[in-house]
Amino acid sequence: LTPNPARWAHQCRNTMGGESSKPSLAYPASWEKLVRSPADASKALARISEMDSKSFTAVVAPTPDLSKEGWKFDDFVECGQEALSVDPRLQKRIDKLVPRVVVEEEFWRLYYCHAHLVLTGQSSGKQEAVLSKSLLEAGDDSTTNAIIAEFNREPTFLVLSKKEKDGILKRDEEDDAKLAAGIAQAVAKGVVEKDPPVEQTCAIDVL
């Protein structure tokens with residue numbers, strides 16, 4: 001969410017304009033009576049981050065107040081802040097879609113359309129596309145998700161993938177040991193410093 005002080009000053013009001021909701025809720029207080037399983041609400045909301053971008057943006061508003069005409073972004077600002085703390089992966093989806101695909105206000109409208117559906121048991125949240133020629137030609141994240149979903153149902157592939165993964169991890173460990181030994185020898189000979197100065201670094205999340 002954009003750190004706009006005026007918006008953060010709002011409490012997350014219910015969508016009918018009533019009392020402020022509890023600050024710990026990732027959804028409006030007026031939805032509490034609709035939520036099928038409050039104890040599993042966090043898990044249900046987390047499933048939204050597992051959807052591909054096309055499914056995420058294609059959702060249809062389940063209620064009038066979540067339609068483009070009825071949407072009031074300021075009423076959901078604090079709920080959105082809590083949603084980010086419940087599911088850290090949500091920030092990655094924001095970075096991917098805003099503002100290249102949708103503006104911030106529209107992103108949160110789409111998110112709460114999905115949130116309403118998953119919390120009320122009308123949708124699983126995670127939608128798997130059927131693998132097809134057109135989907136393969138698309139070559140985007142929906143293609144990747146469909147291929148993964150397809151092979152996840154194939155026992156032979158799961159055995160093979162585990163074997164390959166274990167082999168890669170073992171080779172990485174061997175390479176690390178060899179590299180460490182080589183650096184130790186270089187340090188002993190004075191070729192490189194034991195604690196060389198390191199410029200400022202930053203972490204880049206590629207997932």
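# Helix packing in a predicted model

Visitor: How are α4 and α6 oriented to each other, roughly parallel or roughly perpendicular?

Guide: This is a predicted model. The axes of helix α4 (residues 77-86) and helix α6 (residues 104-119) come within 12 Å and cross at roughly 70°. Angles of 65 to 115 degrees count as roughly perpendicular. The orientation of α4 and α6 is therefore roughly perpendicular.

Visitor: Which residues of α6 are met by residues of α4?

Guide: On the side of α4, the residues are Cys-79, Gly-80, Ala-83 and Leu-84. By class, the contact of α4 with α6 has 6 nonpolar, 1 polar and no charged residues. The residues they meet in α6 are Trp-108, Tyr-111 and Tyr-112.

Visitor: Is the crossing of α4 and α6 left-handed or right-handed?

Guide: The two helices cross at roughly 70°. The handedness of this crossing of α4 and α6 is left-handed.

Visitor: Is α5 oblique or roughly parallel to α6?

Guide: Helix α5 (residues 90-97) packs against α6 at an angle of about 135°, and their axes are 11 Å apart. Roughly parallel requires an angle under 35 degrees, roughly antiparallel one over 145, and roughly perpendicular one of 65 to 115. The angle of α5 to α6 therefore counts as oblique.

Visitor: How many charged residues are in the contact of α5 with α6?

Guide: The crossing of α5 and α6 is right-handed. Its contact is made by Leu-90, Arg-93, Ile-94 and Leu-97 of α5, together with Phe-107, Trp-108 and Tyr-111 of α6. These residues divide into 6 nonpolar and no polar, and the number of charged residues is 1.

Visitor: Which residue does a cis peptide bond join to Val-98?

Guide: The omega angle of this bond is about 0°. The partner of Val-98 lies in the loop between α5 and α6. The residue is Pro-99.

Visitor: What length does helix α9 reach from its first C-alpha to its last?

Guide: Helix α9 covers residues 155-188, which gives 34 residues. At 1.5 Å a residue, a span of 50 Å is expected, and the helix comes close to this value. From its first C-alpha to its last, α9 reaches 50 Å.

Visitor: Which residue just after α9 takes a positive phi?

Guide: Helix α9 runs through residues 155-188. Just after α9, a phi of about 80° is taken by Gly-190.

Visitor: Is Lys-33 buried or exposed?

Guide: Lys-33 lies in the loop between α1 (5-8) and α2 (41-46). Its C-alpha is separated by 9.5 Å from that of Thr-120, a residue 87 positions away along the chain. The relative accessible area of Lys-33 is 77%. A value over 50% counts as exposed, so Lys-33 is exposed.

Visitor: Is Ser-161 buried or partly exposed?

Guide: Ser-161 is found in helix α9. Its C-alpha is 10.0 Å from that of Phe-151, and the two residues are 10 apart in sequence. Relative accessibility is 29% for Ser-161, and buried means under 20%. Ser-161 therefore counts as partly exposed.

Visitor: How many helices does the protein have?

Guide: Read along the sequence, the pattern is α-α-α-α-α-α-α-α-α. There are 0 strands, and the number of helices is 9.

Visitor: What percentage of contacts between residues at least 6 apart in sequence join residues at least 24 apart?

Guide: The protein has 207 residues, of which buried residues make up 32%. Among contacts between residues at least 6 apart in sequence, the share that join residues at least 24 apart is 70%.

Methods:
Residues are numbered from 1 along each chain as its sequence is written. This is a predicted model: local features need pLDDT of at least 70, side-chain atom pairs count only at pLDDT 80 or more; totals for chains, interfaces and linings use all residues. Side-chain values use heavy atoms; hydrogens and water are left out. Helices (H or I, at least four residues) and strands (E, at least two) are DSSP runs, numbered from the N terminus. The expected span of a helix is 1.5 Å times one less than its number of residues. Axes are lines fitted to C-alpha atoms, for helices over the stretch in contact, and angles run from 0 to 180 degrees between N-to-C directions. A crossing is left-handed if the near helix is turned anticlockwise from the far one by less than a right angle, and right-handed if clockwise. Contact means heavy atoms within 4.5 Å. Ala, Val, Leu, Ile, Met, Phe, Trp, Tyr, Cys and Pro count as nonpolar, Asp, Glu, Lys and Arg as charged, and the others, Gly among them, as polar. Buried means under 20% relative accessible area, exposed over 50%, partly exposed in between (1.4 Å probe, protein chains only).
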